[in-house]
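Me: Please take a close look at the salt bridges in this model, and then at one place where two helices pack against each other. I would like to know which partners are involved and where they sit along the chain.

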Amino acid sequence: MTYRDKYNLWLTFDAATKAELEAITDEKEIEDRFYKDLAFGTGGLRGIMGAGSNRMNRYTVGKVTFGLANFYKTVNAENPSVVLAYDSRNHSAEFAKTAAGIFAACGFKVYLFETLVPVPILSFSVRHLGCTCGVMITASHNPKEYNGYKVYDSTGCQLCTEDAKNAIGYINAIEDFSAIPFDDASDKITYIGEEVIHAFLDKVSEQSVYTAPSDIKIVYTPLHGTGNLPVRAVLENYNVTVVKEQELPDGNFSTVRSPNPEEKDALNLAIERAKEIDADLVLGTDPDCDRVGIAVRNGDDYVLFTGNQTGALLVKFICEMHKAELNEKSTLVKTIVTSELGANIGRSYGVQVEETLTGFKYIGDKINRYEAAGDKEFVIGYEESYGYLVGTHARDKDAVVSSMLICQMAAWYYNHGKTLYDGLQEIYHEYGYYLDYLDSFVLKGKDGSEKIQRLMVLFREKGMALLDGIKEIIDFKDGIRDLPKENVLKYIFTDGSWMAVRPSGTEPKIKVYYSIVDEDKARAQARLDTIRKVMGDIIQA
């Protein structure tokens with residue numbers, strides 16, 4: 001079926017869909033909406049909202065839900081059950097109710113949160129309620145135009161390779177949209193809220209490692225998302241000022257260009273407020289509260305930390321606080337594009353280090369494997385993109401527990417006359433200087449998708465000739481080190497620095513990760529600048 005055939009089919013769906021599609025005058029826009037169906041990536045289903053097979057809407061949500069229901073009835077045919085949650089994005093509640101109705105019509109016992117909640121609460125609630133699966137409607141940190149659909153198995157972990165492959169088979173089998181049992185089904189849904197949320201917060205509190213009183217001042221922004229109430233609950237013993245302009249849910253994210261704590265300007269309002277009250281720490285969580293970014297006072301200014309820097313500090317802090325309990329089973333899990341700094345810190349405490357592909361579902365899967373085998377004990381998992389997990393209450397990154405521990409860590413340093421910035425410098429002094437950076441190149445639409453694939457072919461063809469000083473290229477496309485196949489290239493340099501290239505699994509981007517190791521900061525920056533220019537010139541040609 002051509003994209004035009006799909007377009008014509010969708011004109012028959014309903015009046016609102018027909019009107020939206022007929023208003024499009026740009027043929028490229030029509031092509032982009034229909035040249036493919038939304039596919040599962042590192043973060044499940046994610047796309048721009050609107051009419052079309054390559055968009056997030058009632059019908060694509062319905063197709064995925066009906067396919068998943070059919071798949072999970074093969075897993076639990078007698079008593080299938082599902083718990084659904086949603087974030088603050090436009091149409092999130094609507095999509096969640098659509099999915100809830102379809103699951104109910106397919107014979108599932110359906111739990112639906114009464115109000116928006118973070119991703120880690122949904123991950124926790126799947127096991128807490130003993131459900132067959134879970135669904136979270138969110139596009140995480142993406143811009144306001146996006147929404148998404150994350151799927152969790154009975155352990156509260158996002159679907160990994162084999163389950164995702166099987167589920168996609170059932171989803172792709174849904175070709176007749178009229179067969180999807182869209183149903184209000186309000187009378188068949190069990191609404192949940194406070195009891196599960198409190199149970200989650202109790203589990204988070206069990207991860208507390210430092211409770212000494214501290215005069216530290218904190219500014220927090222939920223960036224219009226789900227973190228406001230749970231994060232403030234775990235920080236109730238601290239002096240926390242919330243950024244009022246960003247406190248309440250707002251699917252338009254009207255005060256930021258993008259609600260992504262990875263981006264420098266996302267914390268601008270919070271930093272301004274911090275300067276007004278002379279705060280020590282700035283904290284910001286993304287809309288579904290699975291990522292957290294921080295800015296730390298250094299003199300009269302505030303320094304934004306990367307995910308690698310915060311992760312390294314957390315590894316040091318958690319290992320130090322649990323030093324007496326660490327043993328030969330203690331294990332840190334990180335992704336292949338995360339800096340080696342935190343890993344080396346963990347190793348210095350005798351902690352094992354394991355790597356996974358990009359996507360926190362792989363870290364969650366490691367926790368499941370450790371618990372089943374009993375050969376390892378999970379200490380901390382993290383990725384460079386501002387996602388961390390301590391504890392096994394969830395199987396996804398958790399900005400609630402991370403926020404609590406970051407603030408406890410800051411309080412510990414404060415009570416020792418230091419800042420987190422001082423703590424980071426101490427780490428560099430002990431373990432060496434690491435300069436980590438990420439470049440993301442946006443390449444939208446069908447043309448952009450094709451260019452990304454051509455670039456990955458080009459990088460493979462160039463091989464060692466791509467840059468000076470490469471000693472090894474690790475290609476993950478065929479699956480190595482017992483990892484699933486992934487379209488990722490990692491270049492290892494003779495001095496231990498590395499660079500990795502991969503298409504994003506959730507956005508129309510190709511990403512380049514850099515980790516430069518050098519005793520001299522200025523020399524590391526110069527080297528980074530040189531490599532970035534080479535890669536930028538190739539990608540933007």
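Reply: Searching the whole structure, which is a predicted model, turns up 43 salt bridges. One of these is formed by the side chains of Asp37 and Lys63, with an N to O distance of 3.4 Å. Asp37 belongs to the loop between helix 3 (27–34) and strand 1 (45–48), while Lys63 is part of helix 4 (residues 58–75), so this salt bridge ties together parts of the chain that are 26 residues apart in sequence. The two partners differ in their surroundings: Asp37 is partly exposed, at a relative accessible area of 32%, whereas Lys63, at 13%, is buried.

Further along the chain, Glu354 and Lys376 make another salt bridge, in which the closest N and O atoms are 3.6 Å apart. Here too distant parts of the chain are linked, since Glu354 lies in strand 13 (residues 352–356) and Lys376 in the loop between helix 13 (360–373) and strand 14 (377–383), a separation of 22 residues. Lys376 is buried, its relative accessible area being 17%.

Strand 14 itself contributes a partner to the next pair, in which Glu383 is joined to Lys397 by a salt bridge whose closest N and O atoms are 3.4 Å apart. Glu383 is in strand 14 and Lys397 is in the loop between strand 15 (387–389) and helix 14 (399–415), so that the pair links parts of the chain 14 residues apart. Both Glu383 and Lys397 are buried. Besides such pairs, there is a network in which Glu20, Glu29, Asp32, Arg33 and Arg55 are joined through salt bridges that share partners.

Turning to the packing of helices, the axes of helix 11 (residues 307–321) and helix 15 (residues 420–431) come within 10 Å of each other and cross at roughly 80°. Because angles of 65 to 115 degrees count as roughly perpendicular, that is how helix 11 and helix 15 are described relative to each other. From helix 11, the contact involves Gln309, Ala312, Leu313 and Lys316, and these meet Leu420, Gly423, Leu424, Ile427, Tyr428, Glu430 and Tyr431 of helix 15. Sorted by type, the residues in the contact of helix 11 with helix 15 comprise 7 nonpolar, 2 polar and 2 charged.

Conventions: Residues are numbered from 1 along each chain as its sequence is written. This is a predicted model: local features need pLDDT of at least 70, side-chain atom pairs count only at pLDDT 80 or more; totals for chains, interfaces and linings use all residues. Side-chain values use heavy atoms; hydrogens and water are left out. A salt bridge is a side-chain nitrogen of Lys or Arg within 4 Å of a carboxyl oxygen of Asp or Glu. Helices (H or I, at least four residues) and strands (E, at least two) are DSSP runs, numbered from the N terminus. Buried means under 20% relative accessible area, exposed over 50%, partly exposed in between (1.4 Å probe, protein chains only). Axes are lines fitted to C-alpha atoms, for helices over the stretch in contact, and angles run from 0 to 180 degrees between N-to-C directions. Angles under 35 degrees count as roughly parallel, over 145 as roughly antiparallel, 65 to 115 as roughly perpendicular and the rest as oblique. Contact means heavy atoms within 4.5 Å. Ala, Val, Leu, Ile, Met, Phe, Trp, Tyr, Cys and Pro count as nonpolar, Asp, Glu, Lys and Arg as charged, and the others, Gly among them, as polar.
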